Amino acid sequence: SDTIQAFPRCSESNFSELRVNKRFAYFDRTRYISVLDSVDARAILFLRPRRFGKSLTLSMLEHFHGVQHRAQYDQLFKLCWWLTLWNIGSGCR
């Protein structure tokens with residue numbers, strides 16, 4: 001079924017697994033990619049409580065910047081803020 005049965009309380013932190021599985025809701029954080037890319041630092045420290053999405057955010061960045069994920073790019077990001085902003089991809093019009 002493609003309906004969300006419950007808000008997931010699991011530790012799913014793989015961006016592609018979460019985006020492909022229609023049972024999960026994803027709160028889009030792609031709007032922060034340009035903010036993170038503009039930081040002129042060797043390292044960025046995420047100070048957030050447990051279960052706040054730190055690993056999922058890093059996985060999202062890995063899938064956004066990683067060339068090894070380019071075959072999945074349109075599928076993973078087609079409804080995200082980033083592609084809507086730049087009107088990129090087959091799903092953003």
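**Exercise 1. Place His 69 in the chain, decide whether the residue is buried or exposed, and list its contacts beyond the sequence neighbourhood.**

Step 1. His 69 sits in the loop that runs between α3 and α4 (73-77), where helices (H or I, at least four residues) and strands (E, at least two) are DSSP runs numbered from the N terminus. The model is predicted, so that local features need pLDDT of at least 70, side-chain atom pairs count only at pLDDT 80 or more, and totals for chains, interfaces and linings use all residues. Residues are numbered from 1 along each chain as its sequence is written, and side-chain values use heavy atoms, with hydrogens and water left out.

Step 2. His 69 counts as buried because its relative accessibility is 12%; buried means under 20% relative accessible area, exposed over 50%, and partly exposed in between (1.4 Å probe, protein chains only).

Step 3. Once neighbours within four places in sequence are set aside, His 69 is in contact with Glu 62 and His 63, contact being heavy atoms within 4.5 Å.

**Exercise 2. Check the span of α3 and describe the surroundings of Leu 61 in this helix.**

Step 1. The 12 residues of α3 should span 16 Å at 1.5 Å a residue, and the end C-alpha atoms are 17 Å apart, which agrees; the expected span is 1.5 Å times one less than the number of residues.

Step 2. The buried residues of α3 are Leu 56, Thr 57, Ser 59, Met 60, Leu 61, His 63 and Phe 64. An α-helix has 3.6 residues a turn, so residues three or four places apart point the same way.

Step 3. Leu 61, found in helix α3, counts as buried at 15% relative accessibility. Not counting residues up to four places away in sequence, Leu 61 touches Ile 33, Leu 36 and Gly 66. Between Leu 61 and Tyr 32, the C-alpha to C-alpha distance is 9.8 Å, although the two are 29 residues apart in sequence.

**Exercise 3. Find the aromatic pairs that involve Phe 64 and classify their geometry.**

Step 1. The whole structure holds 4 aromatic pairs, for which rings of Phe, Tyr and Trp (its six-membered ring) must have centres within 6.5 Å, with planes under 30 degrees apart counted as stacked, over 60 as edge-to-face and the rest as tilted.

Step 2. The ring centres of Phe 64 and Tyr 73 are 5.7 Å apart and the planes meet at 50°, so this pair is tilted.

Step 3. For Phe 64 and Phe 77 the centres are 5.5 Å apart and the planes stand at 80°, so this pair is edge-to-face. Because Phe 64 lies in helix α3 and Phe 77 in helix α4, the pair ties together parts that are 13 residues apart in sequence.

Step 4. Phe 64 is buried, with a relative accessible area of 14%, and Phe 77 is buried at 0%. Ring pairs link Phe 15, Phe 64, Tyr 73 and Phe 77 into a cluster.

**Exercise 4. Summarise the chain as a whole.**

Step 1. The chain has 5 helices and 0 strands, in the order α-α-α-α-α along the sequence.

Step 2. Of the 93 residues in the chain, 26% are buried. Among contacts between residues at least 6 apart in sequence, 51% join residues at least 24 apart.
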